[in-house]
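Dear colleague,

Please find below the structure that I am handing over to you. A summary of what was found in it follows.

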Amino acid sequence: MPLSESERLNFLRAIAEIIGDKNLRTGVDAEPYEQDWRGRYQRAALAVALPGSTEDVSAVVRLCAERGIAIVPQAGNTGLTGGATVPEGAEVLLVNVSRLNKVHRVDLPNNAMTVGAGCILADMRALADTHDRQFPVMLGSVGSCEVGGLISTNAGGTGVLRYGNMREQVLGLEVVLPDGRIWNGLKALRKDNTGYDLKQLFVGAEGTLGIVTAAVLKLYPKLAVSATAMVALERVDQAIALLRELQRVTGGRVETFELMSQSQLQIVLRQGVTSGSPMAADAPWYVLLELADSSPDWNASESMETALGAAMEDGLIIDAVIASDQSKAERIWNLRHSISESCKREGFVASNDTSVPVSALPEFLERVTLRLANELPQAQVAHCGHVGDGNVHVIVIFPHDIGDASAREAAAHQANTIVHQESVACGGSISAEHGIGRMHIDRLPLYTSEVEMDLLRRVKLAIDPGKIMNPGKVLRLP
C-alpha cells in the first residue's frame with residue numbers, strides 16, 4: 001500500500017535525522033540518481049539518501065526494514081542493465097554509497113588495500129600506482145564507476161584475461177544486511193576455509209542481498225614495461241589462434257586482447273569521440289592488444305614485433321601497427337574505451353553481454369550476426385569485447401527515431417532474444433559481466449534450470465525474507 005503524504009514526510013524526516021538534511025535529495029536534486037547511464041530507465045524514488053558511514057547505512061536500512069520500505073542500492077550508477085534504478089510499481093529509498101569513499105588501509109606486504117564502496121576506480125588505480133603496485137580492473141567508465149557497483153555486478157573489463165573478474169580481486173567485504181546488521185568480513189586473507197565463503201554471495205548479487213560498504217582488494221606488482229598494438233584480421237578464429245600463440249611465446253604476458261568488428265570501429269570513428277585510428281577501417285576484424293610485465297629487463301616491444309611478424313608470415317593477421325610511445329598506445333586504447341559513448345550517439349542501443357566457450361566464438365558470432373541482419377534489417381550490428389574469456393559483446397543499434405518508449409523496448413527485446421538464443425545454443429550465458437538487473441529479469445528463467453532458479457530464490461529469501469533489497473532485479477518473487 002502506498003505511503004500517505006504524512007507517512008512519507010515522517011519517513012523522510014527520520015532519514016534526514018540519520019544522515020543530515022543536505023544528504024537527502026528529493027525532486028529535481030534527486031533526478032541525476034534516478035536515471036540510468038543509458039537513459040533507458042527513469043522513475044522517481046521516495047528520496048535519495050547519501051549516507052556518510054557504514055553506521056549511517058545500517059541505521060537507514062534498519063529504519064526501512066522496520067517500516068517495510070524497499071531499498072535500491074546504488075554506487076556510481078554506470079550499470080548497463082538497470083540494476084540501480086527505481087522499479088515500476090514500488091516506493092523505494094535509493095541509497096547511494098558515493099560518500100563512502102575513504103581509503104581505510106594500504107597493506108603493501110600483503111598486497112592489499114581496504115577501501116570504501118564509494119571509491120572511484122580511477123582513484124584506486126592511481127592510489128595503487130603511487131605505492132608501486134597496480135589494481136588491474138579497467139572499464140570504460142573508469143572515471144565514475146565505484147567499488148560497491150564493481151563488486152555487486154562482478155565487473156569484468158579488459159583485465160579479465162590475466163587477472164580475472166572483480167570476484168577474483170575481493171579478499172574481504174563489509175556488508176549491511178537487509179535487517180540493518182553489519183557483517184564485518186574485512187579479512188585480508190588469501191586462504192580461509194572456515195565454513196561457507198560468505199563474501200562470494202554478495203559479489204555479483206546486484207544489491208539484492210545487502211549493501212556493500214567496504215572491501216579488501218588485491219594489489220599486484222606494478223607493470224614496468226609494456227607494448228601495445230592494433231592488428232587487422234580476416235576471421236575470428238585467427239584472433240583466437242593469435243591469442244594462444246602470443247600467450248605461448250611470451251610466457252603468459254598478454255595483458256589485454258580485445259576484439260572489434262569493422263562495423264564497430266567505423267561507428268567509433270564516425271562519431272568522432274576519439275582522435276582517430278592508426279589503421280584504415282577496411283578489415284573485417286581488429287584486435288587491440290597489450291603485452292606487459294613487471295620485470296624491467298623484459299623487452300616488450302621486441303617480443304611484440306617478433307610475435308606479430310611471425311603471425312603475419314603464418315597468415316594469421318593482415319596488418320599490424322605497434323605503438324611507438326605511450327601517447328600512441330593511448331590513442332589505440334581510446335578506440336576501445338570510446339565504444340559505449342560512440343554507440344549511444346549513433347542510435348538507440350541494445351547491447352548484449354553474453355559469453356560462450358572461447359572455442360565457440362567463431363560459430364556464435366557468425367550465427368548471431370546472420371540472424372540479426374535477416375530479422376532486424378533496420379539495425380546496425382557491431383561486436384567488441386574479450387576474446388580470452390569468450391565475452392564478445394553483440395551491440396545492436398537502432399535509429400534514434402525508432403519510436404516511443406514501447407517501440408524501443410520491443411526492438412530491444414527482439415534483439416536480445418536473438419542474441420541470447422544463439423549464445424545458449426552455443427553453450428553460453430546470457431550475462432557475462434553486466435548482470436541481470438531489471439533488463440533481463442524475465443529472461444533469466446527461460447535459460448536457467450528450475451533447480452538453479454529454486455536455489456537462487458532460497459538464497460534470496462534466507463538473507464532478505466522481507467524482500468526489501470533491490471526489488472524487481474535479478475529475481476521476480478511473489
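**Strand 14 and its neighbours**

Strand 14 is covered on both of its faces: Trp 285, Val 287, Leu 289, Leu 291 and Asp 293 on one side, and Tyr 286, Leu 288, Glu 290 and Ala 292 on the other, are all buried. Please bear in mind that this is a predicted model. In a regular strand, side chains point alternately to one face of the sheet and to the other. Since nine of the nine residues of strand 14 (residues 285-293) are buried, the strand is largely enclosed by the rest of the structure.

Which strands pair with strand 14? Strand 12 (residues 225-233) does so in the antiparallel sense, over nine bridges, and in strand 14 Trp 285 is the residue that stands opposite Leu 233. Strand 13 (residues 254-261) also pairs with strand 14 in the antiparallel sense, over seven bridges. Here Glu 290 of strand 14 has Thr 256 opposite.

**The cavity**

The count of cavities of 30 Å³ or more comes to one. The largest cavity holds about 30 Å³ of space. Its lining consists of Ser 152, Val 175, Phe 202, Ala 205, Gly 207, Leu 209, Gly 210 and Val 212. Of these lining residues, five are nonpolar, three are polar and none is charged.

**Salt bridges**

The whole structure contains 25 salt bridges. One of them joins Lys 199 to Asp 197, with the closest N and O atoms 2.8 Å apart. Is each partner buried or partly exposed? Lys 199 counts as buried because its relative accessibility is 14%, under the 20% limit. Asp 197, with a relative accessible area of 41%, is partly exposed.

A second group involves helices 12 and 13. Arg 367 forms a salt bridge with Glu 422, the closest N and O atoms lying 2.7 Å apart. This pair links distant parts of the chain, as Arg 367 is in helix 12 (residues 361-375) and Glu 422 is in helix 13 (residues 405-425), 55 residues apart. Arg 367 is partly exposed, at 32% relative accessible area, whereas Glu 422 is buried, at 7%.

Glu 422 also forms a salt bridge with Arg 371, where the closest N and O atoms are 3.1 Å apart. Because Glu 422 lies in helix 13 and Arg 371 in helix 12, the pair ties together parts that are 51 residues apart in sequence. Arg 371 is partly exposed, with a relative accessible area of 23%. Glu 363, Arg 367, Arg 371, Glu 375 and Glu 422 are linked in a network of salt bridges.

With kind regards

Notes
Residues numbered from 1 in each chain as written. Predicted model: local features only at pLDDT ≥ 70, side-chain atom pairs only at ≥ 80, totals over all residues. Heavy atoms only, no water. Buried < 20%, exposed > 50% of the residue type's maximum accessible area, 1.4 Å probe, protein only. Helix = DSSP H or I, 4+ residues; strand = E, 2+ residues; numbered from the N terminus. Pairing = 2+ DSSP bridges. 1 Å grid on protein atoms, 1.4 Å probe; cavity = no way out; pocket = protein on both sides within 12 Å on 5 of 7 lines; lining within 4 Å. Points joined across faces, edges and corners; volume = space filled by probe spheres on them. Nonpolar A, V, L, I, M, F, W, Y, C, P; charged D, E, K, R; others polar. Salt bridge = Lys/Arg side-chain N within 4 Å of Asp/Glu carboxyl O.
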